Amino acid sequence: MGHIPHGFYEHQIKEYFSQFGAVNKVHLSRSKKTGHSKGYAFVQFAREDVAKIAASAMHNYLMFQRLIKCEFVENDKVHPKTFHHAHREIYKTRAPINAAVKHNKDKTEEQIQKAKGRALSRAKKAQSRFAEAGVEYDIPTELADTEMAVQKGKTSVVVKKPETFVEEVKCEDEIEEDAPSSSDEDDELDFDAMFGLSTTPSKKAVKRLKETPKKTPKKTPKKTPKKTPKKK
């Protein structure tokens, strides 16, 4: 069988083909690394004539948007180890777990520098391709501080040290010298006096504030409910 869809595994194949006759063994080819199906399998029937009928009936059969390909193979042409692991239980490989552990493992400085060098070379190639197309491409800031040098076929990465900035600290004597004197403050122009601006309020404004009465909220009279006479 070929072109087997996803989800059509050993148990499903055996149950489905048992409608034609007795099924002895089923072998679905799987990947050793991931354990996923490779898309082809072998089914062994108890009788030869039943196998021929199943192969002719299921050839080019549409299942889950796939055309299944079936072919009858005689016993003389079947490899002796085809159904060697037919009765083995389906197991999950540790390849994905091992890959995750390897990826999350703490890396040494040499491995980090090599990874930076590879990333920088890829970024430079991309920059050259974009430059040919007339597009400006800047290398990421994480890789901008690294420089790649090729020496005798070996790549070595040189990391630039960050620039150090020194801040000037003035002494108390220098601060006193730089401070403006009182004579300099007197020489400055008084713009408020020049344009007639004053921070103190005028007498008229004070009178207006005193004369304006405070607004008190109006009291709404409470409505008394009407008394209805009781019926005797």
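N60 sits in the loop between α2 and β3, where helices (DSSP runs of H or I, at least four residues) and strands (runs of E, at least two) are numbered from the N terminus. This is a predicted model, in which local features need pLDDT of at least 70, side-chain atom pairs count only at pLDDT 80 or more, and totals for chains, interfaces and linings use all residues. Residues are numbered from 1 along each chain as its sequence is written, and side-chain values use heavy atoms, with hydrogens and water left out.

Back to our loop. N60 follows α2 and has a positive phi of about 60° although it is not a glycine. With a relative accessible area of 38%, N60 is partly exposed; buried means under 20%, exposed over 50%, and partly exposed in between (1.4 Å probe, protein chains only). A little further on, F64 lies in the loop between β3 and β4. Its phi is also positive, near 55°, and F64 is not a glycine either. F64 counts as exposed, at 65% relative accessibility.

Now step back into the helix that comes before N60. Helix α2 covers residues 48-58, and its buried residues are V50, A51, A54, A55 and M58. These residues are on the same side of α2 because they cover an arc of only 135° around the axis, the arc being that of the directions from the helix axis to the C-beta atoms. Turn to the other side of α2 and you find I53 and S56 exposed. A57 also belongs to helix α2, and it is partly exposed, with a relative accessible area of 40%. From the C-alpha of A57 to that of F20 is 9.7 Å, with their positions 37 residues apart in sequence.

What lies over the buried face of α2? The cover includes α1 (10-17), β2 (37-45), β3 (61-63) and β4 (66-68), judged by contact, which means heavy atoms within 4.5 Å.

Helix α1 can be read in a similar way. Its buried residues are E10, I13 and F17. They line one face of the helix, because they fall within an arc of 65° when seen down the axis of α1. H11 and E15 are exposed on the other side of α1. Among the elements that cover the buried residues of α1 are β1, β2 and α2.

These elements bring us to the core. In soluble globular proteins, nonpolar side chains tend to be buried together. A nonpolar core is here a set of buried Ala, Val, Leu, Ile, Met, Phe, Trp, Tyr and Cys residues joined through side-chain atoms within 4.5 Å. The largest one has 18 residues, and those with the most contacts inside it are M1, I4, F8, I13, F17, F45 and C70. At least two residues of this core come from each of α1, β1 (23-30), β2 and α2. Helix α2 supplies the largest share, 5 residues.

M1 deserves a closer look. It lies in the segment before α1, and counts as buried at 19% relative accessibility. Leaving aside neighbours within four places in sequence, M1 is in contact with F8, I13, F17, G39, Y40, A41, V43, I68, K69 and C70. One of these partners, I68, is 67 residues from M1 along the chain, yet their C-alpha atoms are separated by 6.9 Å.

The next stop is the largest pocket, with about 700 Å³ of space. On a 1 Å grid over the protein atoms alone, a pocket is an open set of points where a 1.4 Å probe fits, with protein on both sides within 12 Å along at least five of seven lines; lining residues have an atom within 4 Å of a point. Grid points are joined across faces, edges and corners, and the volume is the space filled by probe spheres set on the points. Of the 30 lining residues, V43, Q44, E71, F72 and V73 are the closest to the pocket's centre. Strand β2 gives the most to the lining, with 6 residues, and both β2 and α2 supply at least two. By class, the lining has 17 nonpolar, 6 polar and 7 charged residues; Ala, Val, Leu, Ile, Met, Phe, Trp, Tyr, Cys and Pro count as nonpolar, Asp, Glu, Lys and Arg as charged, and the others, Gly among them, as polar.

Finally, the whole chain. It has 9 helices and 6 strands, and buried residues make up 15% of its 232 residues. Of the contacts with a separation of 6 or more, 47% are between residues 24 or more positions apart.
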